[in-house]
Amino acid sequence: MSHGPRSGLYAVSSALLAMSRHLEVRDVLKTIVASARELLDAQYAALGVPDDHGGFAQFVVDGVSDAQWKAIGPLPRQHGILAAMLREARPERLADVRKDPRFEGWPAAHPDMSDFLGLPIRDGDEIIGALFLANKLRPEGAGPCGEEDGRCGFTEDDEELLTILAQHAAIALTNARLYERSRELTIAEERSRLAHELHDAVSQKLFSLRLTAQAAATLVDRDPSRAKGELQHVAALAAEATEELRAAVVELRPAALDEDGLVATLRTQIQVLDRAHSARVTFSSHGVRALPASQEEAVLRVSQEALHNALRHSGAAHVDVTLDRRGPGAVLHVRDDGGGFDPTAIRSAGRHLGLVSMRDRASGVGGTLTVESAPGKGTVIEMEVPGG
């Protein structure tokens, strides 16, 4: 091995800690691959997650540039030695993968690979992934693998170390899958709650609108002045119902975080809210980098909750949202010039305004949330997340 006992233990510990920091499956896969490549001094590393047809549903690489990966082409499906790893479920350590009878050749743009180490990632009896390394980096001046002594670049020690890494990778990947499933259920519950709120709010508005319209109809002949007042009330109720519908659509619509990113998604939603409400709603952002997916979702949900409070409860004329870079992370501010409240009355106000759930969202991704408010002084919600 290239590492001594002390440096080897430190490297393994660093790799395991890195894997445990992430909750999104894609982030975990990338961390596993990068950790394996660095830990075992490999030029290339890859991790494939199987589908239900003997191929790969996901395939993550490290050591290959974006341009190379694009030129290589589609995701590998039934691809020789790689797919064999999923079927045969045993470690493979080869001096030259190109000489193996299962080798079917690489795409024309694929980097040249020789020595190879691969093993399955297991969760009990289930194979949930396969980890591959190629081209053991060796000191300058040493001959290519197999030329001097017939040994491949990767050693038994390398295989043992990768086995340990794969065991912990299985735990990290399983936890990430459980987290994503839990998040999907939470989103479904939120959508159900919002749908009920939408139904109740709009139904009440429409019921009031119908009664008011009926009252106006009975008054139109005998008391035109009162009928005019009732019709003005009808118009106001219709406008309120429209605002309820627009706001609910914004909340129910899936956030396009994966496609558009946090900044663009926030900007789009705030533009819609600005059009839907009488209050002026503005947004600005400066220097924000991409954040881990769980942090981006938490920032989006907290901003939605804070905006909901400001627009529905505070009586604000202006709500300003900013998202700025802070170190490797970001800080969100939602400021309004509304009626404010006493933050010390957290038992009633906190539940009513969703402050408890906002704090839970922030702490759940390693962030913090603070509230500044006073009666008649408006409110500032600040959320900071650490980044990746």
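These legends go with close-up views of a predicted model.

**View 1. Helix H2, end to end.** Here's a quick sanity check on helix H2, residues 25-39. At 1.5 Å a residue, its 15 residues should span 21 Å, and the end C-alpha atoms do sit 21 Å apart, so the two figures agree. Right after H2 comes Asp-41, with a positive phi of about 55°.

**View 2. The buried residues of H2.** Which residues of H2 are buried? They are Val-25, Asp-27, Val-28, Leu-29, Thr-31, Ile-32, Val-33, Ser-35, Ala-36 and Leu-39.

**View 3. The five-stranded open sheet.** Reading across, the strand order is E6-E7-E8-E10-E9, with mixed pairing. E6 (280-286) and E9 (368-373) are the edge strands: each has a single partner, so one side of each goes without a neighbour in the sheet. From one strand to the next, the twist averages 10°.

**View 4. Strands E7 and E8 up close.** E7 (residues 318-326) runs antiparallel to E8 (residues 329-336), and eight bridges link the pair. Look for Thr-322, which has His-333 of E8 standing opposite.

**View 5. Helices packed on the sheet.** Helix H8 (residues 293-312) packs on the sheet and touches E6, E7, E8, E9 and E10, the last being residues 379-385. The direction of H8 makes about 5° with that of E8. Helix H10 (residues 355-364) also packs on the sheet, touching E9 and E10. What angle does the direction of H10 make with that of E9? About 145°.

Notes
Residues numbered from 1 in each chain as written. Predicted model: local features only at pLDDT ≥ 70, side-chain atom pairs only at ≥ 80, totals over all residues. Heavy atoms only, no water. Helix = DSSP H or I, 4+ residues; strand = E, 2+ residues; numbered from the N terminus. Expected span 1.5 Å × (residues − 1). Buried < 20%, exposed > 50% of the residue type's maximum accessible area, 1.4 Å probe, protein only. Pairing = 2+ DSSP bridges. Axes fitted to C-alpha atoms, helices over the stretch in contact; angles between N-to-C directions. Contact = heavy atoms within 4.5 Å.
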